[in-house]
Amino acid sequence: MINSNEVSPVKMSNEQKQDIMKSILKEESMINITLKPIEQEIFLAEDPQVALMKLKCFQELINKERLAYAEHLAEIFELIGEDAYRNLGFILKQFVKDSYSIQLSVIRQLPILVEQIKKRQSGYVELKEHVLPFMNIFLEHQDFDIKKEVLTQLLKIAPFLIESDKVDTILAHLIEMAHDEKNNQNRILAAETFGKTASLFSIKYCESYICGELLSLGIDLNEFVREKAIEQLPYISVSLSQKCIELKIVPFFLQSCEDRLLQIKCACIKSISGISKYAGAQIKTQKLIPKYLDFLSNQNKEVRKTAYEYLGEFISTIKFTENDQQQLDILLAYYQNQLDKNINMMGVDLVYKCAYYFPGVLQAIGRNRWQLIEPLYGFLLKYPSDKVKISLAYSFHEVAKLLGPNLSKQYLINVLETLAQDKLQEVRNGIVVNLSKFISIFPIEERDYVIDLLLNFQKDQHKWRTRQIICTSIFPITRCFNNDTIFFHIAPILFKFCSDTVAKVRQTAAKNVVHLVETFEEEGEQRTVILEQIRAFSHSKRFNQRQSYCWMCYKLFCRTDFQELFFERLFELCKDPVQCVRLSALIVIDKFIQKEGFSKERKYLKYLLVQFIDDQCKEIQFILTKYNFVIQKTKKKTLSCRSRNSGSSNGHLEDIPEFDEKIEQIRKSSGKV
């Protein structure tokens with residue numbers, strides 16, 4: 001008999017079953033996420049003895065803690081002090097058999113650690129006995145990345161070593177790697193490092209060992225080894241005599257140019273300019289220029305493209321004489337070919353390199369041939385690439401300097417205005433940064449038109465970074481004009497930026513106001529107006545202008561007349577109701593105390609610090625920590641002064657007679673000025 005209360009099972013389709021299973025799995029996954037244990041954070045020990053024990057028992061720590069200590073090894077050594085350096089060798093041995101990530105972290109810390117070791121009396125001995133043997137272990141490591149990282153960090157340490165130790169530690173290992181016929185990576189790394197190490201050794205070692213080893217790798221059976229060796233030729237040429245370059249480097253280079261492999265030919269093209277810098281004039285005209293012309297007329301498109309890409313750099317390394325006119329005309333013809341669509345369509349990098357080396361080419365050929373490459377300059381200015389325009393903007397003043405005032409006035413004024421109004425901010429910034437260098441080319445009576453550019457720049461309220469760069473460049477710009485121009489045009493711009501809506505602009509402008517004060521050193525109406533304008537910021541109802549006054553004082557305090565002209569208002573701003581103004585004022589006071597100290601004449605500075613004890617600003621309290629001893633010593637006297645004044649318990653500095661007396665002295669001396 002069937003029970004009527006019993007519920008019969010519900011029949012479900014397969015799709016319904018799948019939906020239920022999905023929802024169950026989803027709920028379970030959410031539970032797993034919720035219940036997942038939070039990873040414990042690792043904190044470095046602040047106690048020197050505890051930190052030392054951690055380093056001594058390094059292998060007993062968990063992996064995450066070991067990694068944290070490895071990444072901050074130099075910092076921990078500085079914390080521990082003498083005990084850490086006494087155990088340097090033992091501590092470093094702890095890392096030898098550790099994991100890859102920990103070894104890599106320790107190796108990257110070694111240059112910072114060496115910086116600390118070299119300050120010690122026994123520093124070089126510790127470096128030679130412990131650090132160098134530790135690095136030698138990893139130079140024989142099987143892992144290529146570890147070995148490469150050790151060499152990179154060893155080159156940073158190398159300047160601290162005497163030459164015999166550099167030979168034993170670096171050169172011996174590189175030569176051993178260069179002769180490792182079984183491992184191509186070792187030979188590639190050796191070839192790549194030989195060029196970087198050449199400047200570390202004397203010419204004797206460079207010519208006797210490094211040069212020979214690098215040239216041997218240049219004829220290696222492996223094409224990648226040969227390619228790396230050829231790419232290092234310019235770097236080693238810096239440290240070789242011209243005779244060695246002519247007898248060894250150039251013949252080897254010309255032989256490498258005959259290699260049939262494309263990557264070797266391209267490596268030769270990239271290296272030829274670097275070799276040309278240090279080769280003699282005869283070698284350039286008789287061997288290197290003909291070889292480059294061969295590259296430019298090569299049948300392979302990739303070789304021609306690379307040759308065009310580095311043509312500007314190559315031309316810039318040659319000083320042409322009257323006897324070289326034919327070769328110069330041929331090279332210039334190829335250089336002008338970049339106007340051809342078939343050439344410039346080869347890629348943006350080609351056009352960018354053309355723009356980047358344009359000033360160098362102009363310097364090599366001289367201003368008399370400007371008209372030959374002027375159409376190419378116009379093409380570059382119109383080329384639709386941000387990278388090309390930025391390069392032209394940052395090198396614009398160099399072109400103007402090479403052309404001189406007359407040609408610059410004729411050809412570059414319109415270009416300057418075009419670049420200054422470009423939509424791209426980096427282009428405008430390039431013009432502003434070097435504007436003073438451009439202005440200085442012209443006679444002083446012809447410079448005033450540039451003021452209009454500055455006025456246009458500062459009008460756009462959306463381009464705050466440009467305004468900030470103008471503030472940074474204001475000092476060199478002021479040196480290009482007479483005092484009247486500075487007073488009537490540049491000073492108003494700078495003071496306007498001191499009230500800018502963007503804090504970074506205000507801060508940069510305020511810190512450059514000191515240059516205006518330095519410009520108007522002599523007593524007169526203009527100086528009086530400048531000083532009154534500065535003081536007006538301290539009395540402003542707007543907090544950001546009062547803060548700008550504090551930032552002005554940050555640079556003004558180095559002046560001998562700072563205390564007489566500006567210190568009184570800075571004191572009063574220490575009681576400002578706005579937190580950021582008080583903080584800015586205290587930062588300047590802090591810098592002033594660090595320079596001048598607490599002398600008897602400046603005893604009131606101690607009482608000034610006391611008033612900040614109860615300030616809620618964390619940054620203010622952090623600054624005060626360095627003066628805890630002074631504050632605690634002064635606090636008792638401050639409280640006793642306040643108790644004698646029955647009408648006041650608000651902690652204002654006016655309640656301290658000694659402070660009031662000093663303020664009155666400042667006011668009287670200001671009145672005499």
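This report covers the fold, helix packing, salt bridges, cysteines and one buried arginine of a predicted model.

## Overall make-up

The chain holds 43 helices and 0 strands. It has 673 residues, and 50% of them count as buried. Long-range contacts feature strongly in the count. Among contacts between residues at least 6 apart in sequence, 66% join residues at least 24 apart.

## Two helices and their cover

Helix H3 spans residues 63–71. Its buried residues are Glu65, Arg66, Ala68, Tyr69 and Ala70. The cover over these residues includes helix H2 (48–56), helix H4 (73–80) and helix H7 (100–117).

Helix H33 spans residues 503–511. Here Val505, Arg506, Thr508, Ala509 and Ala510 are buried. Among the elements covering them are helix H30 (464–472), helix H32 (483–497), helix H34 (513–519) and helix H36 (543–556).

## The H18–H22 pair

How do the axes of H18 and H22 cross? They come within 8 Å of each other, at roughly 25 degrees. H18 and H22 are therefore roughly parallel; angles under 35 degrees fall in that class.

The contact involves Lys305, Tyr308 and Glu309 on the H18 side. On the H22 side are Asp349, Leu350 and Lys353. Two of these residues, Lys353 and Glu309, also meet in a salt bridge, with N to O at 3.5 Å. Lys353 lies in H22 (residues 348–356) and Glu309 in H18 (residues 301–309), so the bridge ties together parts that are 44 residues apart in sequence. Lys353 is buried, with a relative accessible area of 17%. Glu309 is buried as well, at 13%.

## Salt bridges

The whole structure contains 27 salt bridges. Three of them are listed here.

| Pair | N to O distance |
|---|---|
| Lys353 and Glu309 | 3.5 Å |
| Asp349 and Lys387 | 3.1 Å |
| Lys626 and Asp590 | 3.2 Å |

H22 also supplies a partner to the Asp349 and Lys387 bridge, whose closest atoms are 3.1 Å apart. Asp349 lies in H22 and Lys387 in helix H25 (residues 386–411), so this pair links parts that are 38 residues apart in sequence. Asp349 is partly exposed, with 42% relative accessible area. Lys387 is partly exposed too, at 38%.

Lys626 and Asp590 form another bridge, at 3.2 Å. This pair links distant parts of the chain, 36 residues apart. Lys626 sits in the loop between helix H41 (618–624) and helix H42 (628–643). Asp590 belongs to helix H39 (residues 579–596). Asp590 is buried, with a relative accessible area of 10%.

Some bridges share partners. In this way Glu521, Arg527, Arg559 and Asp561 are joined into one network.

## Cysteines

How many disulfides does the model contain? The count is 0. Cys257 shows the geometry. Its closest cysteine sulfur is that of Cys268, 3.9 Å away, which is too far for a bond. A disulfide would need the two sulfur atoms within 2.5 Å. From the other side, the nearest cysteine sulfur to Cys268 is that of Cys257, and Cys268 is in no disulfide.

Are these two cysteines buried or exposed? Cys257 counts as buried, at 2% relative accessibility. Cys268 is buried, at 0%.

## A buried arginine in a loop

Arg447 is placed in the loop between helix H28 (435–439) and helix H29 (450–459). Despite the loop setting, Arg447 counts as buried because its relative accessible area is 12%, under the 20% limit.

Which backbone oxygens lie by polar atoms of the Arg447 side chain? One belongs to Phe442, at 2.8 Å. Another belongs to Ser440, at 3.4 Å.

The wider surroundings of Arg447 can be listed too. Setting aside neighbours within four places in sequence, Arg447 contacts Ile439, Ser440, Phe442, Cys480 and Phe481. Ser440 and Phe442 thus appear both as contacts and as the sources of the backbone oxygens.

Terms used: Residues numbered from 1 in each chain as written. Predicted model: local features only at pLDDT ≥ 70, side-chain atom pairs only at ≥ 80, totals over all residues. Heavy atoms only, no water. Buried < 20%, exposed > 50% of the residue type's maximum accessible area, 1.4 Å probe, protein only. Helix = DSSP H or I, 4+ residues; strand = E, 2+ residues; numbered from the N terminus. Contact = heavy atoms within 4.5 Å. Polar contact = N/O pair within 3.5 Å; in protein donor to acceptor, adjacent residues only side chain to side chain. Salt bridge = Lys/Arg side-chain N within 4 Å of Asp/Glu carboxyl O. Axes fitted to C-alpha atoms, helices over the stretch in contact; angles between N-to-C directions. Parallel < 35°, antiparallel > 145°, perpendicular 65-115°, else oblique.
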